[in-house]
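Please find below my notes on this entry, set out as numbered points. They begin with charged side chains and then turn to the strands and helices.

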Amino acid sequence: MASATLTPYLRDQCHEIEGRFGDGNRPSELTTTVPREYVHRTALSEVFLTNWRRTDDGWVVSAQWPRAHSFYGPVDGLHDPVLIIESIRQAGILLSHVGHHVPLDHPIIWQRVRYDLAPRALRAAEAPAAVELHVTDHDMVHRGKRLASVRQEFRIVCDGADLASATLVYSCHSPAVYRRLRGEYSDVALANSRKLPVPQGVAPQQVARERDRDVVLSPTDRPDRWQLRVDTSHPVLFDHPVDHAPGMLMVEAARQAALAATPGFTVPASIDCSFARYAELDAPSWVQARTTGRTDDRRQVEVTVEQHGNPVISAQITCVPTP
């Protein structure tokens with residue numbers, strides 16, 4: 001990769017290729033994913049970023065979206081739009097480490113994540129999608145020489161077409177500060193020992209899913225209110241043990257609630273999520289959806305998640321029919 005130092009293993013592989021093919025047939029560059037540690041993932045299959053480089057006004061981060069994925073797979077010929085949020089999640093963490101020198105063991109805490117997309121640019125082709133995220137940093141706050149918080153703006157291009165604009169606002173904390181913020185909940189083993197049983201989910205078709213295990217909502221006696229399903233065995237939403245319900249689970253809950261509230265409007269063309277506090281594993285969280293606007297071709301939905309009567313996230317989502 002142009003901007004990452006090759007490991008001894010990769011150097012050996014480059015030398016082997018040079019010896020096998022000779023100078024005339026040597027690849028101009030090798031493509032691989034970024035180190036999984038740079039995006040806080042355990043499974044290599046969940047790393048979508050392939051490279052990064054600095055530009056005059058920011059960064060360009062490259063990614064590849066697969067043609068098939070166990071959770072973020074294409075539906076009706078369109079890439080899963082929530083891949084946008086997972087990609088900017090990974091890009092934000094990557095740049096905090098390689099661009100702003102945040103140590104790898106420092107937790108990254110979201111305040112806000114949003115995107116607005118052009119649904120037709122999600123069209124899946126016969127090859128994996130080549131994605132570029134053009135990133136600029138704003139409102140940067142440092143604690144000493146170390147990044148404390150930042151707002152990052154994204155322009156996202158998929159297979160050469162403008163796909164989306166996006167925003168990510170996050171803060172960075174040392175392990176010691178995180179332990180003070182979280183108290184006893186910072187103990188991953190203890191938090192997981194207290195987790196609730198996983199309740200029965202709604203029908204997958206109600207939330208545009210195909211498999212029961214990918215449903216994150218459980219029905220209640222109200223059609224617009226659900227209990228959050230926190231299945232810590234899910235291999236994607238819980239790629240590694242954590243002490244709380246992760247941000248991508250909350251985004252998925254907001255997406256599924258909005259789709260359940262707007263049958264037939266299956267593409268979330270815009271999502272804007274604000275995070276107020278953590279959702280703990282030892283108490284139920286409640287998801288509620290309310291339609292706030294409608295036209296012939298779109299529905300606007302407000303989704304809230306609460307725990308102990310306190311807001312966890314609020315999300316504004318615009319759903320449109322599948323192109």
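1. In this predicted model, the count of salt bridges comes to 18. One of them is formed by Arg-255 and Asp-80, whose closest N and O atoms are 3.1 Å apart. Because Arg-255 belongs to helix α5 whereas Asp-80 sits in the loop between β2 and α2, this pair ties together parts that are 175 residues apart in sequence. Both residues, Arg-255 and Asp-80, are buried.

2. A further salt bridge involves the side chains of Glu-280 and Arg-182, at 2.7 Å from N to O. This pair, too, links distant parts of the chain, with Glu-280 in the loop between β9 and β10 and Arg-182 in helix α3 (residues 175–182), the two being 98 residues apart. As to their surroundings, Glu-280 and Arg-182 are both buried.

3. Within helix α5 itself, where Glu-252 and Arg-255 are 3 residues apart, or about one turn of the helix, these two residues form a salt bridge whose closest N and O atoms are 3.0 Å apart. Which residues are joined into one network by salt bridges that share partners? They are Asp-80, Arg-209, Glu-252 and Arg-255. Glu-252 has a relative accessible area of 0%, which is under 20%, and therefore counts as buried; Arg-255, with a relative accessible area of 7%, is buried by the same cut-off.

4. The geometry of helix α5 (residues 247–261) can be checked against expectation: at 1.5 Å a residue, its 15 residues should span 21 Å, and the C-alpha atoms at its ends are 21 Å apart, which agrees. The helix is mostly covered, since 13 of its 15 residues are buried. As for what it touches, α5 lies across β3, β7, β8 (225–228), β9, β10 (285–295), β11 and β12, and it runs at about 50° to β12.

5. The strands form an open sheet of 12 with antiparallel pairing, in the order β1-β2-β4-β5-β6-β3-β9-β12-β11-β10-β8-β7. Strands β1 (49–54) and β7 (217–219) stand at its edges with a single partner strand each, so that one side of each is left without a neighbour in the sheet. On average, and with direction ignored, neighbouring strands of this sheet are turned by 25° against each other. Helix α2 (residues 82–98) packs on the sheet, where it touches β1, β2 (59–65), β3 (108–117), β4, β5, β6 (161–172) and β9, and its direction makes about 135° with that of β3.

6. Several strand pairs deserve a closer look. Strand β4 (residues 129–143) and strand β5 (residues 146–158) run antiparallel and are joined by 11 bridges, among them the one that pairs Val-141 with Ser-149 in β5. Strand β12 (residues 310–320) pairs in the antiparallel sense with β9 (residues 267–275) over 8 bridges, and there Ser-270 has Thr-318 in β12 as its bridge partner.

7. Strand β12 is also joined to β11 (residues 298–307), by 9 bridges and again with the strands running antiparallel. Gln-307 stands opposite Asn-310 in β12. How many residues lie between the strands in the hairpin of β11 and β12, and which residue takes a positive phi there? The hairpin has 2 residues between its strands, and His-308 takes a positive phi near 55°.

Note on methods. Residues numbered from 1 in each chain as written. Predicted model: local features only at pLDDT ≥ 70, side-chain atom pairs only at ≥ 80, totals over all residues. Heavy atoms only, no water. Pairing = 2+ DSSP bridges. Helix = DSSP H or I, 4+ residues; strand = E, 2+ residues; numbered from the N terminus. Expected span 1.5 Å × (residues − 1). Buried < 20%, exposed > 50% of the residue type's maximum accessible area, 1.4 Å probe, protein only. Axes fitted to C-alpha atoms, helices over the stretch in contact; angles between N-to-C directions. Contact = heavy atoms within 4.5 Å. Salt bridge = Lys/Arg side-chain N within 4 Å of Asp/Glu carboxyl O.
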